[in-house]
Amino acid sequence: MTAQGPGGWVLHVDLDQFIAAVEVLRRPELAGRPVVVGGRGDPTERGVVSTASYEAREYGVGSGMPLRLSARKCPEAVFLPVDAPAYEAASQEVMGTLRGLRHDGEATIVEVLGWDEAFLAVPGLREPQALADRLRAEVLAATGLHCSVGIGDNKLRAKIATDLGKPRGTFTLTAETWFAVMGERPTDALWGIGRKTAGRLAALDIRTVAQLAAADPGRLAAELGPTRGPWYRRLGRGVDTSPVDPTPYVARGHGRETTFQHDLLDADRIAEEVRRLAYRAAEDVAAEARPVVRVGLKVRFAPFFTVTRSVALPAPTTDADELAAAAVGLLARIEPGRPVRLLGVRLEMAEPEGG
DNA sequence: TCTGGGGTCCTAGGACCC
DNA sequence: TCTGGGGTCCTAGGACCC
């Protein structure tokens, strides 16, 4: 017997080494070789690894690692530039396959999380393992891509289960098995707890999932915030009541940022780069016909110090010239004279009509 | 080892109003 | 004269995720 949550079964689908796998698909001669995708594909430049193939991971290369370091760890790897349109196209194929699945005549409900992840639910689903097996076979047949599937009695448990099924496998996690599987793992094994929060919890002598689940909610609220504190405790217990929501994603805003290979000092040059980023972000906004209500600027000074400024526009607009002027205007609110390593412009849009 | 680029959400303090 | 307390808006920054 397996417990079934009030919302029924949830499946979480995650493509294995997605970006590297898409590259190998169109360049079959790379199969079996260590492949590292990141930046402009030049491991001597500033940039980080987007995805490494399993062969490269055996050398200690992983996502988020600086490209230069990955090249030292695995000099024989094939380094490739990020090709977002190719991954977007592959993602559309995968999501289309998931939406096309039927189970006992019922259509699937698909919630897309990014290029390579989705939650999936089917009303009245009784045999999630059978659906997971069929799903993996159909995605492979349709796209040539392998995936792993987590099965859970809610989204949180399904999401965490996927990692335990990787690669090319499935894993099931329910209220019944939660503490046996997760109880002794560190808190940052949970979806939503990273390095910083794990550190703050450790300072409270909370190190494992079981300890977090048993922590005093009042103390967590006092130490970590009235919303976050209790939420962390629910994470520790594997509790999640959010539904699988197929509503198409609507962006709150669009941003562009760039890291310079050589830090910038010249004020005119910095202003020019801010203007360019603003125009590029404005292109994304223009496609949605929703005016921008707020403009933000991010500046990272070498080596690692970030300042942000933002301003609400007096009148919402989609006019790229106005948006660029507002972004450049924010530079006046930042102390000049230090080397700039990164610039970012973010445009926040008004709520969609009729929402 | 030395840190991309796209996002989301939460927190906290000050300003301002009643 | 100079003060309470609640509510909301604005802004900066932190943390996390893929």
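**Stop 1: helix 1**

Select residues 18-26 of chain A, which form helix 1. Seven of the nine residues here are buried, so helix 1 is largely enclosed by the rest of the structure. To see which ones, colour Phe18, Ile19, Ala20, Ala21, Val22, Glu23 and Val24, the buried residues of the helix. The model is a predicted one.

What covers these buried residues? Add strand 1, strand 2 (35-37), strand 3 (51-52), strand 4 (78-80) and helix 4 (84-100) to the selection; the cover of helix 1 includes these elements.

**Stop 2: strand 1**

Keep strand 1, residues 10-15, and hide the rest of that selection. Six of its six residues are buried, so strand 1 too is largely enclosed by the rest of the structure. In a regular strand, side chains alternate between the two faces of the sheet. On one side of strand 1 are Val10, His12 and Asp14, on the other Leu11, Val13 and Leu15, and both faces are covered.

Now show the neighbours of strand 1. Strand 8 (117-121) runs antiparallel to strand 1 and is joined to it by four bridges. Pick leucine 11 to find one such pairing: its bridge partner in strand 8 is leucine 120. Strand 9 also runs antiparallel to strand 1, with six bridges between them. Two places to check are valine 10, whose bridge partner in strand 9 is glycine 152, and aspartate 14, which stands opposite serine 148.

**Stop 3: strand 9 and the crossover**

Centre the view on strand 9, residues 147-152. Are its residues buried or exposed? Six of the six are buried, so strand 9 is largely enclosed by the rest of the structure. One side carries Cys147, Val149 and Ile151 and the other Ser148, Gly150 and Gly152, with both faces covered.

Next, select strand 10, residues 170-173. Strand 10 runs parallel to strand 9, and four bridges join the two. Isoleucine 151 of strand 9 stands opposite threonine 172 in strand 10. Follow the chain from strand 9 through helix 6 (residues 155-165) to strand 10. This β-α-β crossover is left-handed.

**Stop 4: leucine 125**

Go to leucine 125, in the loop between strand 8 (117-121) and helix 5 (128-143). Leucine 125 counts as buried because it has 20 C-beta neighbours inside 10 Å, and 20 is the number from which a residue is called buried. Leaving out residues up to four places away in sequence, leucine 125 touches Gly8, Trp9, His103 and Leu131. For a sense of scale, draw a C-alpha to C-alpha distance from leucine 125 to alanine 267: they are 61 Å apart in space and 142 residues apart in sequence.

**Stop 5: DNA strand C**

Show DNA strand C and the 19 residues that surround it. The closest are Gly114, Gly194, Lys196, Thr197 and Ala312. Which elements give two or more residues to this surface? They are strand 7 (109-114), helix 8 (195-203) and strand 13 (305-317). Strand 13 provides the largest share, six residues. Coloured by class, the surface near DNA strand C has seven nonpolar, six polar and six charged residues.

**Stop 6: DNA strand B**

Switch to DNA strand B, which has 25 residues around it. Gly225, Thr227, Arg252, Gly255 and Thr259 come nearest. Select helix 3 (67-73) and strand 11 (253-264), each of which supplies at least two residues of the surface near this DNA strand. The largest share, seven residues, comes from strand 11. By class, the surface near DNA strand B shows eight nonpolar, 10 polar and seven charged residues.

**Stop 7: the whole chain**

Zoom out to all of chain A, with its 13 helices and 14 strands. Its radius of gyration is 23 Å, close to the 20 Å that the globule rule gives for 355 residues, so chain A is as compact as a globular protein of that length. Along the principal axes, the C-alpha trace spans about 70 × 55 × 45 Å. Colour chain A by burial: buried residues account for 35% of its 355 residues. With contacts drawn between residues at least 6 apart in sequence, 59% of them join residues at least 24 apart.

Terms used:
Residues numbered from 1 in each chain as written. Chains lettered and ligands numbered in written order. Predicted model: local features only at pLDDT ≥ 70, side-chain atom pairs only at ≥ 80, totals over all residues. Rg over C-alpha atoms; globule rule 2.2 N^0.38 Å. Buried ≥ 20, exposed ≤ 12 C-beta atoms within 10 Å, placed from the backbone. Contact = placed C-beta atoms within 7 Å. Near = placed C-beta within 6 Å. Nonpolar A, V, L, I, M, F, W, Y, C, P; charged D, E, K, R; others polar. Pairing = 2+ DSSP bridges. Right-handed = clockwise from strand over helix to strand, strands pointing away.
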